[in-house]
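Student: Could we take a close look at how two helices pack in this model? I'd like the geometry along with the cut-offs behind it.

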Amino acid sequence: MKRYVILVTSPNRKTSENLSKGLVKGKLAACVNRVSGISSRYWWKGRIETAKEELLLIKTNQTKLAALTKWIKAHHPYQVCEILALPVVQGNVDYLKWIDQSLR
């Protein structure tokens, strides 16, 4: 089974906490790490913007990916939220099994 690390940025701690709790409680993610204090620079509506954000590192598998994406889009405050799925090529076999077991 394929596993993924999903990158999602959020505007603040409250949003990050709500997203991470909902994803784990709904068994869409086995684990979510919250990285605070990042600075993002990006194009938005024809202008360069800078924002303080948080980054969520979400661990999931192929069977949950579509539902996870749909759930984040429904609960995220951004008009266009970052959801990038990076495939896990290799990892601790026990950890990869734990991801799958956690999502059952």
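Student: Is the crossing of α1 and α2 left-handed or right-handed?

Tutor: The crossing of α1 and α2 is right-handed (the near helix is turned clockwise from the far one by less than a right angle; anticlockwise would be left-handed). Please keep in mind that this is a predicted model, where local features need pLDDT of at least 70, side-chain atom pairs count only at pLDDT 80 or more, and totals for chains, interfaces and linings use all residues. Residues are numbered from 1 along each chain as its sequence is written, and side-chain values use heavy atoms, with hydrogens and water left out.

Helix α1 covers residues 13-25 and helix α2 residues 65-75 (helices are DSSP runs of H or I with at least four residues, numbered from the N terminus). Their axes lie 11 Å apart, at an angle of about 145° (lines fitted to C-alpha atoms over the stretch in contact, with angles from 0 to 180 degrees between N-to-C directions). On the α1 side, Asn-18, Leu-19, Gly-22 and Leu-23 make the contact; α2 answers with Leu-68, Trp-71, Ile-72 and His-75 (contact means heavy atoms within 4.5 Å). By class, the residues of this contact are 5 nonpolar and 3 polar, with no charged ones (Gly counts as polar; Leu, Ile and Trp are among the nonpolar).

One further helix detail concerns aromatic rings. The whole structure holds 1 aromatic pair: Tyr-95 and Trp-98, tilted, with 5.3 Å centre to centre and 35° between the planes (centres within 6.5 Å, using Trp's six-membered ring; under 30 degrees is stacked, over 60 edge-to-face, the rest tilted). Because Tyr-95 and Trp-98 are 3 residues apart in helix α3 (residues 93-102), about one helical turn separates them.

Definitions and conventions: Helix = DSSP H or I, 4+ residues; strand = E, 2+ residues; numbered from the N terminus.
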